[in-house]
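Work through the exercises below with the sequence and the model open. Each task is followed by a solution in steps.

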Protein chains: 2
Amino acid sequence: MRKIDLENFRIATRGTSREINRQIALNLIRTHQPISRADLARMMKVRRGVVTVLVNELLEERKVFEGTTGEAPRGRKPTFLYIESRNRSVVAVDIRVSRTWLQVADLLGRPLAPTETMATEREPKRMVQALAKRIMRLIEEHPEAGACEGIGVAIPGMVDSRTNRIIHAPTLGWRDVEIDQALARATGLPVQIENSGKACALAQMWMARGEEAQGDLAFVSVSDGIGVGIMIRGEIVRGRHNIAGEFGHVPLSIDGPRCSCGATGCWEAYISNLATLSRYFGRDLREGGPISAEMQAFTIEDLIARARGGDGRAIAALQATARYLGLGLASIVNAIDPSRLYIGGEIVAAWDLIESTVREAMAERALTPHNMMTEIRVVALSEYPRLRGAVALVAAPQFAAPAVA
Amino acid sequence: MRKIDLENFRIATRGTSREINRQIALNLIRTHQPISRADLARMMKVRRGVVTVLVNELLEERKVFEGTTGEAPRGRKPTFLYIESRNRSVVAVDIRVSRTWLQVADLLGRPLAPTETMATEREPKRMVQALAKRIMRLIEEHPEAGACEGIGVAIPGMVDSRTNRIIHAPTLGWRDVEIDQALARATGLPVQIENSGKACALAQMWMARGEEAQGDLAFVSVSDGIGVGIMIRGEIVRGRHNIAGEFGHVPLSIDGPRCSCGATGCWEAYISNLATLSRYFGRDLREGGPISAEMQAFTIEDLIARARGGDGRAIAALQATARYLGLGLASIVNAIDPSRLYIGGEIVAAWDLIESTVREAMAERALTPHNMMTEIRVVALSEYPRLRGAVALVAAPQFAAPAVA
DNA sequence: CCTATATTGTCCCGGATAAAGACAAAAGGC
DNA sequence: GCCTTTTGTCTTTATCCGGGACAATATAGG
């Protein structure tokens with residue numbers, strides 16, 4: 001039951017019904033392709049006549065195309081409909097401190113070329129220039145991908161959803177930076193920019209099929225920082241300043257270790273990669289002492305390898321992180337009660353080692369038996385969730401529900 | 001940007017546009033009454049002809065009525081439209097351990113009779129009988145209120161939103177209890193039942209005017225327990241099992257005092273009335289020792305009175321609670337980024353004493369300057385937020401946006 | 001009192017849409 | 001060759017928004 005926003009509503013006009021039904025049809029084709037007009041009509045519970053009209057419009061707009069004719073046990077054979085994803089591509093960009101990843105994908109998120117990387121320039125203007133150059137080259141090198149419909153950029157920081165400015169990206173050291181318009185000018189393409197946690201959550205919702213596409217979800221990315229994106233009723237939870245979802249800075253213990261945000265005892269201070277490595281090297285989490293050269297050169301992947309090799313201290317460090325991960329997940333579960341949690345980040349490579357600890361910790365604090373059992377899905381690094389998120393930034397709006405009432 | 005729920009969508013039919021526009025008109029009348037057809041047309045940016053048709057339907061359904069003619073500097077005088085709230089009433093019920101409150105109100109939440117109370121029976125079946133009897137008497141005693149359209153019940157516990165069963169109400173000691181159907185049978189009226197935090201949030205959103213009706217909000221009720229309700233995009237955040245919003249059991253410190261939920265260090269364990277009183281009486285929060293007879297007879301109102309009288313220990317206890325209240329609010333602000341926070345409960349009687357402490361603590365952990373400044377509104381006990389919430393349970397659905405796509 | 005002007009509310013017609021059903025097209029079985 | 005089944009298109013009808021005309025009502029000014 002939704003209240004109508006009386007400061008910002010949209011009257012239904014003559015075209016509204018058509019718009020709604022066309023978008024439903026488009027989405028059913030997206031999730032069920034290949035599909036015939038007759039099947040569409042059955043799913044939508046309308047007459048085939050209506051579907052014919054809707055599909056004709058979608059064909060004319062080149063949003064779908066007619067493919068092969070299918071098989072039927074009797075009667076006329078159906079002509080299959082598909083989303084027009086040929087000749088329509090998206091460039092996805094994932095900017096992080098360590099490196100920047102790029103990918104060309106189609107509108108449904110399927111990669112059209114191997115993932116590439118480039119160095120991340122710390123100076124925003126130089127970064128935009130380098131990025132634009134790289135994107136143009138990428139597009140030229142892949143003419144088979146077809147016309148690029150836009151660039152999606154995932155950023156480890158807060159983005160103003162109205163102006164698209166980067167308000168603050170702590171790890172990059174960017175504050176109040178505008179890159180979307182500069183990038184759009186340099187490439188001549190529309191640019192969508194969003195916080196990476198929110199982008200990941202968006203992709204999980206839009207690219208899921210069947211059961212997984214249902215219900216609310218939270219995406220938790222465990223990396224240098226903790227990125228969280230929340231989808232409720234098919235929408236990103238943004239809040240007033242588009243900074244909702246910062247569960248990384250909800251405390252586990254208000255007098256816990258110091259966090260990069262200035263507060264103490266944030267979840268992030270317990271489970272970031274730095275926190276896990278610090279535990280292994282015996283660095284004082286609470287005071288945040290100097291980082292040794294040895295630790296500097298050591299990655300979370302190295303630590304996981306040592307844990308698999310039987311290194312007791314590595315195992316202990318991982319298990320401690322796992323426990324705190326589970327305790328924090330319980331906070332999300334109690335606050336949002338999502339249907340599913342997605343976990344990404346380097347640490348999922350050790351999921352088989354930590355899963356039981358995570359679940360136990362979560363069960364400790366989850367309020368109800370149902371809550372304790374909340375499904376957890378691991379998103380492997382090889383799935384490039386942030387790049388998929390960046391694709392979704394461009395692709396999802398084309399399939400979104402029309403705003404009405 | 002919303003994703004269409006493909007398992008549960010609604011096609012637009014011939015009547016859909018009309019349904020949408022009629023509901024927009026109804027809501028504009030609700031928030032702007034008295035209002036003329038011509039003004040409605042201007043607000044909706046449609047021709048007056050369309051409004052005439054919509055309003056005629058609303059008149060026929062007895063949802064609005066034509067009142068006096070207004071004044072105009074020139075030209076034909078407008079006939080004002082009003083929501084039909086005469087002859088349509090709601091019975092609101094707020095069940096709590098200590099007592100049960102009742103009120104008769106009109107559809108817009110305006111009280112039609114003084115609030116009444118009755119004892120709360122601990123046995124559900126007996127409670128339903130007593131409640132039904134009391135409600136029938138209340139309706140008989142107030143024939144001027146008009147036909148009762150339903151009973152709204154606010155409960156300090158978790159309610160299954162599908163079946164309307166009370167899953168667990170810890171303070172009442174109820175577990176898996178069904179009272180809505182029994183109450184409906186006994187009274188012959190439709191019954192809506194909901195968690196009191198969610199009901200309060202619903203009322204704040206639906207009964208607000210102007211600026212206050214905009215944006216997302218969270219309602220925090222500080223009492224025996226901590227009830228939280230969250231409204232995002234005009235909808236209650238329910239989650240999968242209708243238990244979302246339990247920020248009361250998000251920790252401030254995982255090794256903090258024991259909480260009634262079984263976990264330790266929950267926000268509730270720091271700021272519930274019991275926690276504040278325990279601080280005053282020097283009772284060990286961490287171990288949760290026995291409650292002295294003196295403390296048993298002492299209420300939070302008594303403590304506030306002593307603080308106002310200059311009792312240093314009372315002031316300290318209140319300030320400690322205020323600080324923890326602010327720290328927990330920061331969690332909500334970081335997680336949801338609402339436009340406004342509403343605070344209810346007995347402690348708001350001391351708001352002038354604790355406000356600065358609350359805001360300082362909130363600022364300590366809020367992530368951005370904007371976040372720190374999140375508006376806080378105090379809801380006095382005399383406004384009976386839970387009763388208003390119970391009214392909203394019955395009234396709001398009549399004004400809700402039609403579910404489409 | 002009459003006229004011009006302004007405002008409100010109603011009515012009618014045209015174009016767009018969904019609903020229902022008829023019809024053509026296509027394929028297999030007897 | 002005819003019947004049945006299935007797909008997809010086309011036509012008709014009722015509903016609804018969009019636009020404009022028009023009546024009703026009130027004020028200002030001569």
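The exercises concern a predicted model and go from the chain pair to the DNA, then to sheets and single residues.

**Exercise 1. The relation of the two chains**

Task: Determine which rotation and shift superpose chain A on chain B, and what relation that is.

Solution. Begin with the general case: two copies of a chain are related by a rotation about an axis and a shift along it. Here the rotation is 180° and the shift along the axis is 0.0 Å, with an RMSD of 0.0 Å. The relation is therefore that of a two-fold axis. To place the axis in chain A, look for Ser253(A): its C-alpha is the nearest to the axis in that chain, at 1.8 Å. Finally, compare the two sides of the contact: 100% of the contact residues of chain A recur in chain B, and the same surface serves both copies.

**Exercise 2. The contact between the chains**

Task: Describe the side of chain A that touches chain B by residue count, by helix and by class.

Solution. Count first: chain A gives 71 residues to the contact and chain B gives 71 residues. Next, assign helices. Those of chain A that supply at least two residues each are H1 (16-32), H6 (196-207), H11 (312-336), H12 (351-365) and H13 (369-372). H1(A) gives the most, nine residues. Then sort by class: this side of chain A has 37 nonpolar, 20 polar and 14 charged residues.

**Exercise 3. The surfaces near the DNA**

Task: For DNA strand D and DNA strand C, find which residues are closest and which helices supply the surface.

Solution. Take DNA strand D first. It is surrounded by 29 residues, and the closest are Thr13(A), Gly49(A), Thr52(A), Gly75(A) and Arg76(A). Helices H2 (37-44) and H3 (48-60) of chain A, with H1 (16-32) and H3 (48-60) of chain B, each supply at least two residues of this surface. By class, the surface near DNA strand D divides into seven nonpolar, eleven polar and eleven charged residues.

Now repeat for DNA strand C. Around it are 29 residues, of which Gly49(A), Arg37(B), Gly49(B), Gly75(B) and Arg76(B) come nearest. Two or more residues each come from H1 and H3 of chain A and from H2 (37-44) and H3 of chain B. The surface near DNA strand C has seven nonpolar, eleven polar and eleven charged residues.

**Exercise 4. A sheet of three strands in chain A**

Task: Give the strand order and the edge strands of the sheet formed by S1, S2 and S3 of chain A.

Solution. The sheet is open, its order is S1-S3-S2, and the pairing is antiparallel. The edges are S1 (35-36) and S2 (64-69), each of which pairs on one side only. S1(A) is joined to S3(A), residues 79-83, by two bridges. As a check on the register, Ser36(A) stands opposite Phe80(A) in S3(A).

**Exercise 5. A sheet of five strands in chain B**

Task: Trace the sheet through S11(B) and state which way its strands run.

Solution. The open sheet has the order S13-S12-S11-S14-S15 and mixed pairing. Its edge strands are S13 (235-236) and S15 (375-378). On one pairing, S11(B) and S12(B) run antiparallel over six bridges, and Val222(B) stands opposite Ile226(B). These two strands form a hairpin with three residues between them. On another, six bridges join S11(B) to S14(B) in the parallel sense, with Ala218(B) opposite Leu341(B). From S14(B), four bridges lead to S15(B), also parallel; there Ile376(B) is the bridge partner of Leu341(B).

Now consider cover. Six of the six residues of S11(B) are buried. Leu217(B), Phe219(B) and Ser221(B) point one way, while Ala218(B), Val220(B) and Val222(B) point the other way.

**Exercise 6. A residue in helix H8 of chain B**

Task: Decide whether Ser278(B) is buried or exposed, and find its contacts.

Solution. Locate the residue: Ser278(B) is in helix H8 (residues 273-281) of chain B. Count neighbours: there are 20 C-beta neighbours inside 10 Å, so Ser278(B) counts as buried. Set aside neighbours within four places in sequence; Ser278(B) is then in contact with Arg283(B) and Leu285(B). Gly289(B) lies eleven residues from Ser278(B) along the chain, and their C-alpha atoms are separated by 9.6 Å.

Technical notes:
Residues numbered from 1 in each chain as written. Chains lettered and ligands numbered in written order. Predicted model: local features only at pLDDT ≥ 70, side-chain atom pairs only at ≥ 80, totals over all residues. Pairing = 2+ DSSP bridges. Near = placed C-beta within 6 Å. Nonpolar A, V, L, I, M, F, W, Y, C, P; charged D, E, K, R; others polar. Least-squares fit on C-alpha atoms with pLDDT ≥ 70 in both. Contact = placed C-beta atoms within 7 Å. Buried ≥ 20, exposed ≤ 12 C-beta atoms within 10 Å, placed from the backbone.
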